[in-house]
Amino acid sequence: MSEVTSSASDFPTTAFPTTAKVVIVGAGIVGNCLVGHLARLGWTDMVLIDKGPLPNPGGSTGHASNFIFPTDHNKEMAAITLESQRQYVELGMNNTCGGIEVARTPERMEEFNRRMTSAKAWGIEASLLTPTEIKEMVPFINEKILLGGYYTASVSVVDSLQTGTLLRQEAIDKGVLQVFATTEVMDLETTDGAISAVVTNKGRIEAEYVVIACGVWSPRIAAMAGATIPLTPAVHQMADVGPIDILQQSGKELAYPIIRDMDTFCYERQSAGSMEVGSYAHRPIFMHPDDIPSIEASALTPTELPFTPDDFDQQFEEAIDLMEMLGDAEIKYAINGLLSLTPDANPVLGETIEVKNLWSAAAVWIKEGPGCAQLVAEWMTYGYPQMCDPHGSDIARFYPHERTEEHILARCAEHFNKTYGIVHPREQWASRRGMRRSPFFAREEALGAVFFDARGWERPQWFTSNEVLFEKYPQADTPRPAEWDGRWWSPITNAEHLAMRDSVGVVDLTAFNEFDFTGPGAMAHLQHICVNNVDVAPGKSIYTPLLTPAGGFRGDLTIQRLAPDHYRVITGAFDGGRDNYWFTRDLPADGSVTFTDMSQSLCTIGVWGPNAVATLAKITTVNGKPADLSQVGSPYGSVIDALIDGVPVTMFRISYVGENGWEIYTRVEHGLHLWDSVFEAGAEFGIIPVGIGVYAVTGRIEKGYRLMGAELESEYNPVEAGLARPKVKSADFIGKAAYLAARDEPLAATMCTLSITDHTSAAGIPRYPVGGNEPIVTLDGERIVDRKGRVSRVTTAGAGPSLGKFLLLAYLPPEHAVEANKLAIMYMNELFPVTVERVGSKALFDPEDARMKS
Amino acid sequence: MRILVCVKRVPAPGSRISITADGLAVDTAFLGFTTSPHEECAVEAAVQLVEAHGGSATVLTLGPAEAEEQLRYAASVGVSNAVLLATDGADWDPQRTAAAITAAITAIEDRDGVFDLILFGNESADSGGFQVGVRVARHLDRPIVNGIKGISIADGIATLERPTDAGQEVYELTMPAVAGVKEGINLPRYPTLKGRLASKKVQIAIIEPSAKPGGQVLVRLEPPAELTTSTTMLGNGPDAAAAVVDLLEELGVLR
């Protein structure tokens with residue numbers, strides 16, 4: 001590895017600047033990589049400051065263990081990590097040593113099968129090892145306590161400080177960056193809601209953009225401008241123990257693979273003659289950003305806090321069990337190192353929602369540093385990242401209650417010990433529940449609802465009271481014998497599905513967000529954001545994708561036109577924060593559009609099924625007369641104001657489950673009355689409550705409906721998703737040029753519906769994939785990658801009870817996107833045969849949509 | 001061979017030491033604690049003497065309950081017995097501390113036998129009073145030498161070495177004796193993982209000391225004026241040569 005010494009421009013002789021295009025605060029892995037990437041994308045007039053000295057200003061980068069295990073079940077994090085590792089390699093800062101995750105429990109061995117599957121999806125070379133094979137690679141390990149291992153040859157240790165130095169230097173050498181160390185931010189100034197200046201101990205810089213890349217200090221800096229960056233500094237304990245003979249004799253920094261002792265949440269990583277032992281097993285230990293000591297007051301650095309050995313003793317014992325030689329090694333250096341944790345364990349990237357042009361590049365670990373920096377640089381340059389869809393990292397994803405210290409600390413405390421945990425794709429949070437409850441909550445609880453968390457909302461996933469439906473629908477009672485497959489799932493969902501398709505069911509949709517746009521500029525504002533034409537008659541609605549400037553999916557939602565100057569945007573719980581930001585960031589300054597977030601004011605139920613209209617017709621009036629809810633009187637897509645048993649409601653004829661019926665919106669205070677009235681009217685039809693298991697999975701997948709964040713991401717466009725309309729509106733909109741180009745180019749991939757044709761595993765047990773990015777492969781087990789480099793993988797998996805099939809959604813390239821084509825799904829490291837049932841968006845169930853439009 | 005080492009729990013600060021608002025204590029809110037460096041060396045010396053001559057080493061501290069951490073640290077590197085003279089956390093003055101330690105030593109010795117050698121650090125890292133070891137030795141009527149950087153034991157005699165500007169002073173003390181050890185006498189070992197785990201099992205004898213306050217009272221702590229330095233860039237590369245020459249002439253390095 002080459003060394004770059006500080007150049008003269010690290011310590012400029014010029015005066016402290018008074019203006020800059022962009023000021024980046026923080027010269028850790030993220031800030032350094034960010035200035036390098038911004039320089040590559042053509043940015044000039046940049047200033048990078050840090051309150052510490054260079055090259056190690058004392059943040060988390062300086063004490064990181066610096067290793068990369070590339071396998072991640074999460075697509076976004078896997079993509080960012082792999083891109084980061086590629087950049088470390090490119091800079092010559094990646095020392096490949098291999099890594100073995102070892103298992104002490106059968107559950108972990110099963111998790112390794114899942115990891116093999118994710119490795120397949122992302123193209124990572126990996127293999128399973130027997131204890132003997134582990135011993136051959138790591139002679140000092142006690143293989144007798146192990147059941148096996150998961151080996152990744154590409155695991156590496158990187159030089160994060162030097163990587164940052166190189167990228168920083170690249171920007172300096174281009175003449176586009178000035179760097180000032182020992183420069184502390186004292187204040188951030190804003191003007192008209194936008195960042196305008198950074199006040200430091202060396203002077204004030206007026207800046208058009210400011211990026212906060214301050215790691216554990218980020219919330220403190222953001223608060224100076226009135227912005228929030230939801231993260232907490234948290235302790236990760238690490239001890240360097242040695243000297244150890246066998247490691248010294250290797251004569252290398254890294255002669256042996258890094259060991260992750262997954263079931264004890266610890267790792268052992270060689271560092272020349274000693275071993276670094278790190279732990280995610282100890283109690284969660286948090287610190288407030290304001291309490292982190294100054295550089296001068298720190299015994300080591302501000303993020304290397306005094307070691308608390310009591311918290312580590314159990315891990316020491318377990319480490320000695322695994323490697324007996326560690327017992328005689330001396331504890332030379334041990335710290336409570338600070339790193340950043342967020343409520344959902346993902347980074348916090350993007351423009352802050354509170355202050356324009358104030359950006360966050362925080363909660364980033366070494367393994368994903370260069371990639372996150374590139375992603376943010378692209379975002380700042382192009383208006384949206386191009387590397388991968390950022391919805392899991394987007395700072396706008398957090399709702400107000402998720403930005404509180406109470407929420408951050410509770411969720412971080414809950415997931416900290418899951419850092420090496422086995423986390424189910426449907427895993428539910430235990431903390432901070434009951435934060436948002438619909439007015440129907442009491443009724444749902446009485447009906448035995450099993451509540452899932454939807455960004456604070458308690459939503460019934462299924463109702464145990466519906467278990468009686470098995471008598472009528474015995475075919476619904478299809479248990480999933482593998483515990484993993486059936487975790488956070490119930491066959492009651494199948495029964496609810498069939499009952500709704502037979503008669504009528506009610507779904508609580510209160511978790512929806514409703515954004516009202518009113519005023520003379522409302523239509524033009526929405527036209528600019530939406531793909532489809534919003535200039536429909538009042539009382540009609542619009543389904544529309546929202547695109548990124550590059551033509552990928554940014555959103556997917558419906559809009560009601562309630563009046564000529566009044567639109568209501570309806571979007572789901574999981575993208576509400578991001579959509580709110582997207583729709584409101586560039587509201588016209590002239591006041592011609594007024595935005596009102598109605599989400600907290602309105603509650604919603606969906607009433608669907610062949611008897612939905614008959615149920616509602618009994619109690620619904622318009623202008624004092626019985627409402628005409630028929631397809632003739634109120635065609636699909638209609639929006640009408642009505643009274644239901646005297647309760648003022650807005651009714652929206654639409655369905656995400658493929659049935660005739662309505663979404664009904666009313667004010668929260670009327671909700672309970674509405675619920676009771678509908679259930680009373682529907683009693684004669686055997687009306688039932690229906691959980692989100694039907695709404696979001698079984699009902700949706702039978703209809704092939706796409707979901708933002710699953711099928712719909714910025715890597716894909718509406719043509720590929722099968723959501724392109726025959727014509728493109730004349731008005732301009734974000735992403736239009738790219739969209740027009742995509743319509744003319746040959747398809748690289750198409751969204752398809754597949755079914756599993758044989759569920760039987762090698763062990764003779766039927767298996768049901770949970771929909772966690774399982775790769776769709778050829779019958780020979782080869783990955784399928786389209787010409788844009790995107791891998792075919794399951795975006796949603798679920799039962800289709802009305803079809804008697806288990807369905808999968810996945811993008812396939814044209815050569816495979818052929819109906820009746822035979823492929824395979826890899827699940828838990830096994831192949832199961834699948835058939836392509838449908839290419840494109842036409843539904844498998846009721847393909848002509850006759851039921852919805854009857 | 002019975003050896004006693006007396007240690008003190010002290011904060012482990014950075015380059016700047018913060019003082020509490022009332023000016024009466026170091027602000028330790030986010031600081032770790034350690035054993036005074038001289039005393040770490042005294043612990044190491046005790047462990048080495050026991051390794052060489054057999055017997056046992058005992059560590060004793062007067063301090064808050066949290067000082068157990070320092071006792072266990074000593075145990076983790078090989079000391080086998082630990083005694084805590086538990087205070088309410090306030091810093092005791094040297095007379096009071098010495099009286100309490102003397103009383104404890106006397107009680108322990110009455111029960112278990114005399115300590116052949118009692119080691120103190122030369123002075124504590126925080127208050128730096130240089131008094132406690134001398135006072136305890138005086139109370140016990142035993143010889144003491146401070147500033148010790150070498151200890152050897154043979155035939156009931158402790159041979160202590162003390163480097164001075166003039167050369168090496170060598171003292172032969174008939175045991176029981178007391179020594180004030182200075183950093184540099186040895187390189188203290190780190191605890192091993194096994195040592196750390198074993199230290200958890202060491203029983204700590206807790207004694208409630210009852211000595212009366214002495215005459216020394218803490219009035220107020222004041223941080224010393226900070227040394228500030230500034231950097232002046234003389235230029236880059238060869239262009240800086242003339243300025244460098246000027247400066248060296250000004251400093252009298254060049255004439």
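This is a short tutorial dialogue on reading sheets, domains, cores and contacts in a predicted model.

User: Which numbering and confidence limits apply here?

Analyst: Residues are numbered from 1 along each chain as its sequence is written, and chains are lettered from A and ligands numbered from 1 in the order in which they are written. The model is predicted: local features need pLDDT of at least 70, side-chain atom pairs count only at pLDDT 80 or more, and totals for chains, interfaces and linings use all residues.

User: How many domains is chain A divided into, and where do they lie?

Analyst: Domain bounds come from an automatic or database domain assignment. In chain A, domain 1 covers 94-157 + 233-338, domain 2 covers 441-505 + 693-698, domain 3 covers 513-597 and domain 4 covers 700-839.

User: What should I read first in a sheet, such as the one with β24 and β28 of chain A?

Analyst: Start with the terms. Helices (H or I, at least four residues) and strands (E, at least two) are DSSP runs, numbered from the N terminus. Two strands pair if DSSP finds at least two bridges between them. Here 5 strands of chain A form an open, antiparallel sheet in the order β25-β26-β27-β24-β28. β25 (541-547) and β28 (594-597) of chain A are the edge strands; each has a single partner, so one side of each lacks a neighbour in the sheet. β25(A) pairs with β26 (553-563) of chain A over 7 bridges, in the antiparallel sense. Within that region, Leu547(A) stands opposite Phe553(A) of β26(A).

User: Which helix packs on this sheet, and at what angle to β24(A)?

Analyst: Axes are lines fitted to C-alpha atoms, for helices over the stretch in contact; angles run from 0 to 180 degrees between N-to-C directions. Residues are in contact if their C-beta atoms, placed from the backbone, lie within 7 Å. Helix α16 (576-584) of chain A touches β24, β25, β26, β27 and β28 of chain A, and its direction makes about 10 degrees with that of β24(A).

User: How many residues do domains 3 and 4 of chain A bring to their contact?

Analyst: 21 residues of domain 3 of chain A meet 21 residues of domain 4 of chain A. On the domain 3 side, α15 (522-529), β25 and β26 of chain A each give two or more residues. β26(A) gives the most, with 4 residues. The centres of these two domains, taken over C-alpha atoms, are 28 Å apart.

User: Which strands stand at the edges of the sheet with β37 and β38 of chain A?

Analyst: That open sheet has 6 strands of chain A, paired antiparallel in the order β37-β40-β41-β36-β39-β38. β37 and β38 of chain A are at the edges, each with a single partner strand, so one side of each is left without a neighbour in the sheet. β37(A) pairs with β40 (822-827) of chain A over 2 bridges. Ile776(A) has Ile825(A) as its bridge partner in β40(A). Helix α19 (692-703) of chain A lies across β38 and β39 of chain A, at about 100 degrees to β38(A).

User: Is Val785(A) buried, exposed or in between, and what does Val785(A) touch?

Analyst: A residue is buried if 20 or more other C-beta atoms lie within 10 Å of its own, exposed if 12 or fewer, and partly exposed in between; C-beta atoms are placed from the backbone. Val785(A) is partly exposed, because 14 other C-beta atoms lie within 10 Å. Val785(A) sits in the loop between β37 and β38 of chain A. Not counting residues up to four places away in sequence, Val785(A) touches Arg790(A) and Val791(A).

Technical notes
Two residues are in contact if their C-beta atoms, placed from the backbone, lie within 7 Å.
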